[in-house]
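Student: Hey, got a minute to go through this model with me? I'd like to start with the core.

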Amino acid sequence: MSHCHGCSIQIDIPEGARRIVLAGNPNAGKSVFFNYLTGMYVDVSNYPGTTLEISHGHYQGDVIIDTPGVYGISSFNDEERVARDVILTADMVINVVNAVYLERDLFLTQQIIDTGVPVIIALNMVDEAEKQGMKINHQLLSQLLGVPVIPTIAIRNKGMEELANNICQARQGQSDVELQNELDQLVNRVGSRGEALLIMEGDTAVAERHGLESMNKREYIYLQRRQRVNQIVSHVITDVSKKTAFSNTLSRLMIKPLTGIPILLVALYGMYQTIGVFVAGTVVGLTEETIMIGHFEPAIRSLVSRFISEQSSIGTILIGEFGVLTMTFTYVLGLLMPLVIGFYFFLSIFEDSGYLPRLATLVDRVLTSIGLNGRAVIPLILGLGCVTMATITTRLLGSDRERRIAIFLLGLAIPCSAQLGVIAGMLAAVGPEFVALYSLVIFSVLVVVGTLMNSLLSGQSSDLLIDLPPLRLPRPKNVLTKTGIKSYQFLKEAFPLFALGAFLISTFQVTGILVALQNLLSPLTVNWLGLPKEAATAFIMGIVRRDFGAAGLADMSLAPIQTVVSLVTITLFVPCIASILVMFKERSKKEAALMWLSTWFIAFFIGGIVAQLSNLLGVASPVQVFSVIGVVLSLTALVILIARLIKKQDPAHKSTTKGVF
């Protein structure tokens, strides 16, 4: 195992092998090139200090390293810092460029060329460019940039073989003459043209590495680079059609709030009917109840009982109610996998059609108010299916600050699909005013906690930098491939965590710790929440599985307001044990423990506030219930106002990471 110096990730680099790095803007198609070159021999490493995953594999004795999709390598966020480090240590770079957005993508191309790393360009999606009336002279583009340019249509494997055969033709490109002269002077001091460029662009991390002060020439260099790219594009693109296709009109409608929100509601309704009704009901009923509980668990218990008594401690741990060999397989394969596959199927459709980036654009302004940007809509939507899975997908967010906010909000205020089914059934038995009260409380907690974290956490969330690829009909092969790969990755990561969770909770059951916890919570549930003593058992069960807790409440005889209080508490209560374990994996132990304990406090505090307000104002009539709703709205508005005043007065939240693109 050799060390990839400069980029701090352990990658097996054979003697004499070259480091070939794939780089490009988001949605340029890098993953297709990576899969083509590496086949199935792929490894994934977490980049040190981040949750970003770097894929690497082998091609004809060389090592192919993929990088996150970025718009530049100037340290504006974690993705750019990682891409910067990996590219600076490359022997050559395959730069995947989206032909449809040539003017935008070539900014990154020129920046990589300016680092002095040998480059070959894969001009991808030329068919999409032609559909939009653009003809690109790739030979002239090659001459102007000084590097080989290969036209490709990656999803159809067109041009892929030619690219693979010409990788060795990668060479250093042409930079602005004035910039080149300044770089030559600085290279003598730092020894690397790439690092000299980044020092000139104001990259403090690279400058400190050499004991220098970063130069304040970023804006000047960016403007010069942008002018050069614009000139190149004006020469190589001809016959630009100005016709507005239906897809362009639909694209604009999707990102305007007035029309985009109804489109989003239709899409979410379709997702709900498919996943929330069909998959969660029919499919899970077959896989969990009929197959796993009806056939698998009895077979496993019968087999193990031949050697170990089911009533023994070991038997309880292995095949008991929370057994490692029973609950783990039933929960993961019978309940979660159908839901996970369903959500990844829709996510792949949204991604392949080009709708996902438009959705992120639509909700960006709303999410910015709680410290996130539009990209956070992906884990938040996934959280309605499985919070464990959604917590893992927060890795796609642009900063550690955003990941911290998103993970906490997911564990606190986003109920998973299994829990939602039970909640919907219980709320159906109470009046619409109680349904409104429950929905308002959960939404208010989400907004208030997000706003407070946005105000109190240092720094500022990253801007949404996202391209809008052409709208197209999803390709079935792409959708099924992405769904299969992502579902398998979830299974591989989640299964060991669920097994550990089952072991812990069954051990608690055997040792009596579970009963002790139930008794410990009992006074709190009765005196503060106004619920029956047995509700404590449901809360403890909710740690194992969120729907277990909700189902335990469903079996009780509760008044309408008790139903609301109990559901508010169980929704905000600690996430299931698998989600907790993933939380500890994604964050530091100290931070994850703080998040975990905070959910306990917030759940019982908010549930108790609702209960006490209801006792004070009464809930005997719809008018009284709406008076409680009015108080909740007023308190929410007050807290948000205070949080925003705090942020406005705190200079630490001012952004210092914006640049010219």
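Tutor: Sure. A nonpolar core here is a set of buried Ala, Val, Leu, Ile, Met, Phe, Trp, Tyr and Cys residues joined through side-chain atoms within 4.5 Å. Keep in mind that this is a predicted model.

Student: OK, so which residues touch the most other members in the largest nonpolar core?

Tutor: Leu437 and Leu572 do, in a core of 114 residues. Helix α14 (residues 327-353) gives the most to this core, 13 residues.

Student: And what does Leu437 touch, leaving out residues up to four places away in sequence?

Tutor: Ile561, Val564, Val610, Val625, Val628, Ile629 and Val632. There's another core apart from the largest one, with 41 residues, including Ile54 and Val149.

Student: Switching to helices: at what angle do α25 and α27 pack?

Tutor: About 165°, with the axes of α25 (residues 560-572) and α27 (residues 589-617) 8 Å apart. Angles over 145 degrees count as roughly antiparallel, so α25 is roughly antiparallel to α27. The crossing is right-handed.

Student: Which residues of α25 make that contact?

Tutor: Ile561, Val565, Val568, Thr569 and Leu572. On the α27 side you'll find, among them, Ile602, Phe604, Gly607 and Val610.

Student: How do the contact residues divide into nonpolar, polar and charged?

Tutor: Ten are nonpolar, four are polar and none are charged.

Student: Last one, the whole chain: how many helices and strands?

Tutor: 28 helices and eleven strands. Of the 661 residues in the chain, 54% are buried.

How values were computed. Residues numbered from 1 in each chain as written. Predicted model: local features only at pLDDT ≥ 70, side-chain atom pairs only at ≥ 80, totals over all residues. Heavy atoms only, no water. Axes fitted to C-alpha atoms, helices over the stretch in contact; angles between N-to-C directions. Helix = DSSP H or I, 4+ residues; strand = E, 2+ residues; numbered from the N terminus. Parallel < 35°, antiparallel > 145°, perpendicular 65-115°, else oblique. Left-handed = near helix turned anticlockwise from the far one by under 90°. Contact = heavy atoms within 4.5 Å. Nonpolar A, V, L, I, M, F, W, Y, C, P; charged D, E, K, R; others polar. Buried < 20%, exposed > 50% of the residue type's maximum accessible area, 1.4 Å probe, protein only.
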